[in-house]
Amino acid sequence: MNDKRIWLLLLAIVPLYFLMGQPSATGAITGQWTLDLKPQGVQFFIQRTWGLDNSYSSSSDYDFADFRGLTRAQIEAGGPAKFEMMRDAGTLACEGTFRHGGGGGTFLFSPNPDYVAALHSLGYNNLDGDNLFKLAVHNVSRAYIRELDELGYHRLPLDQLVHLRIHGVSAAYIRELRNLGYTLQPDELVQLKIHGVTTEFAATLKNTGYGALPADQLVQLQIHGVTSEYMKGFRDMGYPRIAVDDLVQLSIHGVTTEFVNQLRSMGYGRAGVDDLVQLQIHGVSAGFVKELQSLGYKNVPLGDLVQLRIHGVTPSMIRKLQSNGYKKLSTDQLVQLKIHGVVD
């Protein structure tokens, strides 16, 4: 930890000692904050501890518009810090000190009574300070909850609302997926966002005959790097709609469209998915095939190419045999010679 961060934490801990503990009778929640300047705003870190072993922390980048009374000039100038993070669920009132392009101190969270009343009207009762604090930090606004309600997500658990917000599941994102034929559960939406599944990617799949895939298949495609461009490359080579599981296997094993094109240029046409995967698994490269062809082994079945590699039959071995007069050995004979140690 650098000296600046140590100073910021010490600055926050000293006054916090007098504030921390169980929430007060008024439901006040306190904690510590630090921030650092970023090119387009600040990185703002908050932490609170209560009881013997309860803690919460959050860190993210924010714009200055997320705060009231906080400017870049104030942070750079240094000195006393006093500003607020305004949220629909409540306000974090922060005090402390700015120094060396950063700052640290304590905060006091105050819930918004209007927000509490509005959530009661939506069926959220018994809201405690901890829940309101999380809803505020992650900016789960009344408008956001109502939008979800209008989309059919009625009275979602508070933790689920927070997760949706944390991972950037917006109402617009849900609507765009709906227009593509997707009606997804909240956890599925979170997984799509976590793995970077865009509505553009989903639209490409629909427009190329895949329809609305299950959420887990969308995630698998994204995890294993099956992009729109990757699929287009196979379509351009004349492959019909390749099954999702096959696309994943091709990508997992590093079958590139460049490799497939190289095979085609050497007379292998449209190789099957399983063959392509086996070639890559066993290291049958385009260079290996080209060397074999230069030695007279043209149009060798793909399965035989795999067997040659499995058993360690190399072009140099074939050259050695040919130099000794064995010029027309079949691939099976080459494999048998290697298996029985007749040649090195």
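## The largest pocket

In this predicted model, the residues that line the largest pocket are Ser60, Asp61, Tyr62, Arg87, Val137, His138, Asn139, Arg165 and Ile166. Two elements, strand 3 (54-62) and helix 6 (158-166), each give two or more residues to that lining, and strand 3 gives the most, with three residues. The volume of the largest pocket is about 170 Å³, and by class its lining is made up of three nonpolar, three polar and three charged residues.

Asn139, one of the lining residues, belongs to the loop between helix 4 (129-137) and helix 5 (142-150). Its phi is positive, about 55°, although Asn139 is not a glycine. Most residues other than glycine have a negative phi. With a relative accessibility of 26%, Asn139 counts as partly exposed, because the buried class is reserved for values under 20%.

## The sheet

Seven strands make up an open sheet with antiparallel pairing, and their order across the sheet is 3-2-1-7-6-5-4. The edges are taken by strand 3 and strand 4 (67-68), each of which has a single partner strand, so one side of each is left without a neighbour in the sheet. Strand 3, which stands at an edge, is also the element that gives the most to the lining of the largest pocket.

Where does Gln47 lie, and what does it touch? Gln47 is found in strand 2 (residues 41-50), and, leaving aside residues up to four places away in sequence, it touches Gly31, Gln32, Tyr56, Ser57 and Phe107. Gln47 has a relative accessibility of 25% and therefore counts as partly exposed. Gln47 and Val273 are 226 residues apart in sequence, and their C-alpha atoms are 52 Å apart in space.

## Two hairpins

Strand 5 (residues 79-87) and strand 6 (residues 90-99) run antiparallel and are joined by nine bridges; within this pairing, Ala81 of one strand stands opposite Gly96 in strand 6. The connection between strand 5 and strand 6 is a hairpin that passes through two residues.

Strand 6 in turn pairs with strand 7 (residues 102-111), again in the antiparallel sense, over ten bridges. Among the bridge partners in strand 7 are Gly103, which is paired with Phe98, and Ser110, which is paired with Thr91. Strand 6 and strand 7 also form a hairpin, with two residues between them.

Which residue in the turn between strand 6 and strand 7 has a positive phi? The residue is His100, whose phi is about 55°, a positive value in a residue other than glycine. His100 lies in the loop between the two strands and is exposed, with a relative accessible area of 60%; the exposed class begins over 50%, which means that His100 falls within it.

## Helix 17 and its buried face

In helix 17 (residues 315-323), the residues Pro315, Met317, Ile318, Leu321 and Gln322 are buried. Viewed down the axis of helix 17, these buried residues fall within an arc of 155°, so they line one face of the helix. An α-helix has 3.6 residues a turn, so residues three or four places apart point the same way.

The cover over the buried residues of helix 17 includes helix 15 (286-294) and helix 18 (331-339). Helix 17 is followed by Gly325, which has a positive phi, near 95°.

## The enclosed cavity

How many cavities of 30 Å³ or more does a search of the whole structure find? The search finds one, and the volume given for the largest cavity is about 60 Å³. The residues lining the largest cavity are Thr208, Tyr210, Met231, Phe234, Arg235, Pro240, Arg241, Ile242 and Leu247.

Helix 11 (residues 228-236) gives the most to the lining of the largest cavity, with three residues. By class, the lining of the largest cavity has six nonpolar residues, one polar residue and two charged residues, whereas the lining of the largest pocket has three residues in each of these classes.

Terms used
Residues are numbered from 1 along each chain as its sequence is written. This is a predicted model: local features need pLDDT of at least 70, side-chain atom pairs count only at pLDDT 80 or more; totals for chains, interfaces and linings use all residues. Side-chain values use heavy atoms; hydrogens and water are left out. Two strands pair if DSSP finds at least two bridges between them. Helices (H or I, at least four residues) and strands (E, at least two) are DSSP runs, numbered from the N terminus. On a 1 Å grid over the protein atoms alone, a cavity is a set of points where a 1.4 Å probe fits but cannot get out, and a pocket is an open set with protein on both sides within 12 Å along at least five of seven lines; lining residues have an atom within 4 Å of a point. Grid points are joined across faces, edges and corners, and a volume is the space filled by probe spheres set on the points. Ala, Val, Leu, Ile, Met, Phe, Trp, Tyr, Cys and Pro count as nonpolar, Asp, Glu, Lys and Arg as charged, and the others, Gly among them, as polar. Buried means under 20% relative accessible area, exposed over 50%, partly exposed in between (1.4 Å probe, protein chains only). Contact means heavy atoms within 4.5 Å. The arc is that of the directions from the helix axis to the C-beta atoms.
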